[in-house]
Amino acid sequence: MKTRKILALAGDGIGPEVLAATRRVMDWFQAAGRIKFDVSEGLIGGASYDVHKTPLTDDTVTQAKAADAVLFACIGGPKWDTLPYDVRPEKGLLRLRKEMGLFANLRPAIVMDALASASSLKLDLVKGLDIMIVRELIGGIYFGEPRGVEQLPDGTRRGYNTQAYSTAEILRIAHVAFDLARKRGKRVCSVDKANVMESGLVWREEITKLRDAQYPDVELSHMYVDNCSMQLVRNPKQFDVIVTDNLFGDILSDLASMLTGSLGMLPSASLGAADSSGRQPALYEPVHGSAPDIAGKGIANPLAMILSFAMMLRYSFNLGADADLLEKAVQSVLSSGIRTGDIAEAGQTPVGTVAMTDAVVKELTRLAA
Ligand code: NAD
């Protein structure tokens with residue numbers, strides 16, 4: 001069995017707690033003989049700044065590029081909020097994504113039955129929800145040139161950014177969306193603003209051409225982003241895979257994540273381009289931040305990070321059955337009423353990070369027997 005090299009980055013706040021929980025789950029898979037890991041740990045964010053005076057060292061970048069996958073928890077916290085922008089914890093994560101060429105961000109929004117009532121939407125709208133948002137991550141208006149702030153002759157200022165997408169940038173993210181759709185419901189909805197933006201028109205035309213040429217078996221629809229934001233709260237179950245640009249994806253994926261009710265449950269994956277040997281840079285992380293308000297208290301919900309590991313099994317190692325097993329274990333733990341504080345309902349006594357992890361490991365053993 002091939003040994004998979006993992007770089008684990010705990011980061012700040014609750015990061016070390018949720019990573020320790022996830023490593024116990026990884027140990028279970030290794031002890032069960034299902035997969036072999038070689039895990040090394042590194043520093044990122046404030047934890048790296050405290051030691052190296054930078055939120056990400058070149059050495060950590062090298063290790064990340066050499067790993068089969070990176071498992072990252074979260075960064076940031078009030079301790080580092082007054083630092084100059086170029087050494088802030090967030091800068092470390094942005095640089096890592098860029099250095100690894102992670103252009104595709106996958107954010108599933110899945111509503112587990114046991115948590116359906118935690119959504120702010122009506123139960124029948126979200127029960128059984130399973131959508132995947134594919135966001136372009138390293139192009140578009142956040143990176144486009146020219147950008148800046150200029151002084152105007154009348155003494156006022158003008159801030160400006162550029163939205164631009166090339167054919168190559170559009171096609172590589174579209175391939176990710178179509179390939180994913182083939183493994184799911186075979187439907188892609190591409191979201192743009194082609195009615196008022198040239199970049200949106202090119203986006204729409206290139207995606208349509210690609211579908212016609214290479215993915216005739218996948219149903220493609222197009223939606224303007226303003227309509228999509230409305231449809232996501234009106235009838236979210238109409239979607240299977242949504243593919244969109246960096247700016248629209250940033251907003252829509254946060255909106256979709258709240259359909260599920262809790263930040264502590266949401267995993268994500270960021271993928272780069274596969275090389276000629278098929279090796280693909282990949283980073284897996286929970287959507288939540290470092291939760292400084294509860295850090296060190298032993299009460300963080302580890303499930304978003306554990307489910308990020310499930311995504312690693314599925315997308316980096318093609319171990320779909322193992323990913324299914326882990327997701328099923330999480331679902332049955334929740335169905336049995338075990339909850340951390342962030343997802344506990346009235347009448348439920350919350351458990352801590354360790355007890356939640358104990359329950360997942362125990363359930364894995366029971367399901368695998
Ligand atoms: P946050 O996600 O850290 O916390 C928001 C709220 O959700 C808090 O009340 C927190 O206690 C709770 N929460 C989050 N994750 C939880 C979990 N696993 N279990 C239980 N409760 C959980 O967002 P924030 O408060 O806006 O930001 C805090 C810090 O995190 C900031 O420094 C911010 O820059 C950083 N941040 C980092 C990332 C990242 O690492 N990718 C993402 C977002 C924010």
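Buried here means under 20% relative accessible area, exposed means over 50%, and partly exposed is what falls in between (1.4 Å probe, protein chains only). The views below show a predicted model, where local features need pLDDT of at least 70, side-chain atom pairs count only at pLDDT 80 or more, and totals for chains, interfaces and linings use all residues. Residues are numbered from 1 along each chain as its sequence is written, and side-chain values use heavy atoms, with hydrogens and water left out.

**View 1. Ile 44, a buried loop residue.** Ile 44 sits in the loop between β2 (36-42) and α2 (46-52); helices (H or I, at least four residues) and strands (E, at least two) are DSSP runs, numbered from the N terminus. Because its relative accessibility is 0%, Ile 44 counts as buried. Skip the neighbours within four places in sequence, and Ile 44 is still in contact (heavy atoms within 4.5 Å) with Leu 9, Gly 11, Asp 12, Pro 55, Leu 56, Phe 72, Ile 75, Gly 92, Leu 93 and Leu 96. Asp 27 is another story: 17 residues away along the chain, with 23 Å between its C-alpha and that of Ile 44.

**View 2. The largest nonpolar core.** A nonpolar core is a set of buried Ala, Val, Leu, Ile, Met, Phe, Trp, Tyr and Cys residues joined through side-chain atoms within 4.5 Å. This one has 73 residues, and Phe 29, Leu 106, Val 134 and Leu 326 touch the most other members. Helix α10 (residues 303-315) is the top contributor, giving nine residues. A second, separate core has 20 residues, including Ile 133, Val 225, Cys 228 and Ile 242. As background, nonpolar side chains in soluble globular proteins tend to be buried together.

**View 3. Phe 309 in helix α10.** Phe 309 has 0% relative accessibility, so it counts as buried. Beyond four places in sequence, Phe 309 touches Thr 22, Val 25, Met 26, Phe 29, Phe 37, Leu 71 and Leu 326. With the same sequence cut, the contacts of Phe 29 include Phe 309, Leu 313, Leu 326 and Leu 364, along with the polar residues Arg 34 and Asp 322. Phe 309 and Ala 323 are 14 residues apart in sequence and 8.2 Å apart in space, C-alpha to C-alpha.

**View 4. Cysteines without a disulfide.** How many disulfides does the structure hold? Zero, taking a disulfide as a pair of cysteine sulfur atoms within 2.5 Å. The sulfur of Cys 228 has its closest cysteine sulfur in Cys 189, but at 5.6 Å that is too far for a bond. Cys 228 is buried at 0% relative accessibility, and Cys 74 is buried with a relative accessible area of 1%.

**View 5. Gln 231 in helix α8 (residues 225-234).** Gln 231 counts as buried, at 9% relative accessibility. A polar contact of 2.9 Å links its side chain to that of Gln 238; such a contact is a pair of N or O atoms within 3.5 Å, and within protein one must be able to donate a hydrogen and the other to accept it, with residues adjacent in sequence counting only if both atoms are side-chain atoms.

**View 6. The ligand and its shell.** Of the 21 residues around the ligand (a heavy atom within 4 Å), Glu 90, Gly 289, Ala 291, Asp 293 and Asn 301 come nearest. A ligand oxygen is 2.8 Å from a side-chain N or O atom of Glu 90, and a ligand nitrogen is 2.9 Å from a polar backbone atom of Asn 301.
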